[in-house]
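Here is a short tour of how the strands and helices of one chain fit together. Please keep the structure open beside the text as you read.

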Amino acid sequence: LPISLYFSIRAATRTDAEIQSCIQGKLANSEKLRVHDFAGSVSNSEATFTGTARYAVSKVAVTRIGQSCGAVKIVNNINAPGIPRPSKKIEGRTSL
C-alpha cells in the first residue's frame, strides 16, 4: 500500500473518542509535555491543539502525537517561541 493510503485506512478505523483518549494519554505520560497547559479536541478525526509552549520543539511534538494517534488532520494553534536563526558575519558586521 502507498504510505498515504496506509495512514488514511489506519486513521479511518479510529473513532474521535479513541483518538482523543490516545492524545490525552500521550500528553499525560510525557514528562516534557505534561508541564505545559495544552488542550486538544477531536472532531471528524481532526485534532485541534491549543495552549502555550515554552519551546518550539514542544509544538512539533504535539503535532506528531496527534498524527500517531490517528488524526487525519492537525490544527496546531499552540503558541510557541520562534526558532532563532544563527547570525551571519559579513565583512565584520553581524546581520540576520
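Which residue of strand 3 stands opposite T50? The partner of T50 is N77 in strand 3. Please bear in mind that this is a predicted model.

**The sheet**

T50 and N77 belong to an open sheet of three strands, ordered 1-2-3, in which the pairing is mixed. Strand 1 and strand 3 are the edge strands with a single partner strand each, so one side of each has no neighbour in the sheet. From one strand to the next, the twist averages 10 degrees.

The two pairings are worth a look in turn. Strand 1 (residues 39–43) and strand 2 (residues 46–52) run antiparallel and are joined by five bridges. Together strand 1 and strand 2 form a hairpin, with two residues between them. In that turn, N44 has a positive phi of about 55 degrees. Strand 2 also pairs with strand 3 (residues 73–79), here in the parallel sense and over seven bridges. To get from strand 2 to strand 3, the chain passes through helix 3, and this β-α-β crossover is right-handed.

If you would like to trace the register yourself, these opposite residues are handy places to start:

| Residue | Stands opposite |
|---|---|
| V42 | A47 in strand 2 |
| F49 | N76 in strand 3 |
| T50 | N77 in strand 3 |
| T52 | N79 in strand 3 |

**Helices on the sheet**

Now for the helices and the strands they touch. Helix 2 lies across strand 1 and strand 2, and runs at about 165 degrees to strand 1. Helix 3 packs on the sheet as well, where it touches strand 2 and strand 3. The direction of helix 3 makes about 155 degrees with that of strand 3.

**Helix against helix**

How do the two helices sit relative to each other? A packed pair of helices is described by the angle between the axes and the distance between them. For helix 2 (residues 16–29) and helix 3 (residues 56–68), the angle is about 140 degrees and the axes are 9 Å apart. Because angles over 145 degrees would count as roughly antiparallel, helix 2 is oblique to helix 3. Helix 2 passes helix 3 in a right-handed crossing.

Which residues of helix 2 and helix 3 meet? From helix 2 come I23, K26 and L27, and they meet V62, I65, G66 and S68 in helix 3. Sorted by class, this contact has four nonpolar residues, two polar ones and one charged residue.

Terms used:
Residues are numbered from 1 along each chain as its sequence is written. This is a predicted model: local features need pLDDT of at least 70, side-chain atom pairs count only at pLDDT 80 or more; totals for chains, interfaces and linings use all residues. Side-chain values use heavy atoms; hydrogens and water are left out. Axes are lines fitted to C-alpha atoms, for helices over the stretch in contact, and angles run from 0 to 180 degrees between N-to-C directions. Helices (H or I, at least four residues) and strands (E, at least two) are DSSP runs, numbered from the N terminus. Angles under 35 degrees count as roughly parallel, over 145 as roughly antiparallel, 65 to 115 as roughly perpendicular and the rest as oblique. A crossing is left-handed if the near helix is turned anticlockwise from the far one by less than a right angle, and right-handed if clockwise. Contact means heavy atoms within 4.5 Å. Ala, Val, Leu, Ile, Met, Phe, Trp, Tyr, Cys and Pro count as nonpolar, Asp, Glu, Lys and Arg as charged, and the others, Gly among them, as polar. Two strands pair if DSSP finds at least two bridges between them. A crossover is right-handed if, with the strands pointing away from the viewer, the path from the first strand over the helix to the second runs clockwise.
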